[in-house]
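The following paragraphs lead from the burial of residues to the cores and then to the overall form and surface. Please keep the structure in view while reading.

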Amino acid sequence: MKLKESDLTTDRLWRATTGMSKEKFYALFKFFKPAYLSIHFKTLEDRKVGSSIGYCIQDEKELLLFSLLSLKSGCNYDLLGVFTGMSASNAKRNQTIGLEVLQKSLEMCGCMPKRKFLNVEEFTEFFKDCDELIFDATEHRIQRFNDYELQKDYYSGKTKAHTVKAMNISTKLKSIKYLSHCYAGKIHDYALLKEEFPQEFKWFENVNIRVDLGYLGIAKDYLCKNVFIPHKKSKNKPLTEEQKDENQLLASERVAVEHSIGGMKRYRCLVNKLRLHDFVLYDVLLGVCAGLWNFYLAN
């Protein structure tokens with residue numbers, strides 16, 4: 001690979017290239033190599049022996065560096081190939097391999113967020129040490145579909161753009177504990193919550209819930225220990241000064257979820273306009289970037 005570890009001479013360059021310091025990179029690498037072995041049963045060096053294929057990436061350390069660069073830069077495959085000295089098809093192939101190993105690494109160190117709960121018991125067990133959860137949704141702009149009927153499903157009235165959306169559950173410590181799979185941007189934040197957690201079950205009876213005004217109705221539809229939601233103003237009923245102060249306090253308590261979303265969006269693959277329609281790949285990118293943010297907090 002054209003880019004080498006020796007090119008990253010300062011901590012600033014490490015962060016700009018990988019989204020983490022050199023120390024955190026090596027802390028992650030301790031899990032990355034065993035994860036590679038668990039998937040491929042051989043080291044990358046052993047797989048090269050006797051092969052006629054010219055490998056662009058020489059070892060697991062280069063693969064981790066390449067994978068983090070692909071997430072941090074958010075480049076298309078052609079440009080990523082120029083940076084790293086490989087073809088666009090090789091860049092895509094290596095990113096796919098790297099993402100699989102990276103996801104496994106983050107699972108091994110306990111940093112990957114949960115993506116789905118099968119039942120209330122699993123939810124309760126997972127959050128048994130959390131007394132308070134903060135809900136929010138995150139959106140990512142995508143390229144408009146040519147099909148008129150299809151593009152309507154992805155048009156978000158909230159952002160006035162075509163998007164995909166996912167729901168995030170964070171804690172006061174800013175870690176991302178749960179991240180839903182992505183949905184078409186047309187779905188409302190509260191409808192997404194009801195899709196992920198059906199109302200007929202008692203998901204939240206043992207936890208305090210913090211939400212914004214996108215979740216109006218949660219206190220009525222769900223049995224929760226406590227629900228903290230801002231006061232809503234209307235045209236004929238403006239907020240009192242006391243209600244404004246309460247809203248400000250609630251916002252300061254809920255800001256941790258905004259920090260968690262901002263944390264995973266340090267990787268520009270979640271910021272730049274998404275020009276691929278492979279939402280399975282985007283779903284993997286979303287989960288891995290959330291896991292990397294959790295790893296950053298834990299180390």
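In this predicted model, 45% of the 299 residues of the protein count as buried. The protein contains 12 helices and 7 strands. Its radius of gyration is 21 Å, close to the 19 Å given by the globule rule for 299 residues, so the protein is as compact as a globular protein of that length. Along the principal axes, the C-alpha atoms fill a box of roughly 75 × 45 × 40 Å. Among contacts with a separation of 6 or more, 64% are between residues 24 or more positions apart.

The interior may be considered next. The largest nonpolar core has 53 residues, and those with the most contacts inside it are Leu71, Leu102, Leu106, Met264 and Leu292. Two or more residues of this core come from each of helix 2 (22-40), helix 4 (60-73), helix 6 (88-108), strand 3 (161-170), strand 4 (176-179) and helix 12 (279-298). Helix 12 gives the largest share, 11 residues.

Leu292 illustrates how parts of the chain meet. Leaving aside residues up to four places away in sequence, Leu292 touches Met20, Leu28, Leu68, Leu71, Leu102, Leu106, Arg266 and Tyr267. Apart from the largest core lies another, of 25 residues, which includes Phe117, Phe127, Leu133 and Tyr215.

The surface and the charges complete the description. The accessible surface of the protein comes to about 15,400 Å², and carbon and sulfur atoms account for 52% of this area. The protein carries 46 positive and 38 negative charges, whose mean positions are 4 Å apart.

Terms used:
Residues numbered from 1 in each chain as written. Predicted model: local features only at pLDDT ≥ 70, side-chain atom pairs only at ≥ 80, totals over all residues. Heavy atoms only, no water. Core = buried A, V, L, I, M, F, W, Y, C linked by side-chain atoms within 4.5 Å. Buried < 20%, exposed > 50% of the residue type's maximum accessible area, 1.4 Å probe, protein only. Helix = DSSP H or I, 4+ residues; strand = E, 2+ residues; numbered from the N terminus. Contact = heavy atoms within 4.5 Å. Rg over C-alpha atoms; globule rule 2.2 N^0.38 Å. Areas by Shrake-Rupley, 256 points an atom, 1.4 Å probe, with all protein chains shown as cover. Lys, Arg positive; Asp, Glu negative; His and termini not counted. Charge placed at Lys NZ, Arg CZ, Asp CG, Glu CD.
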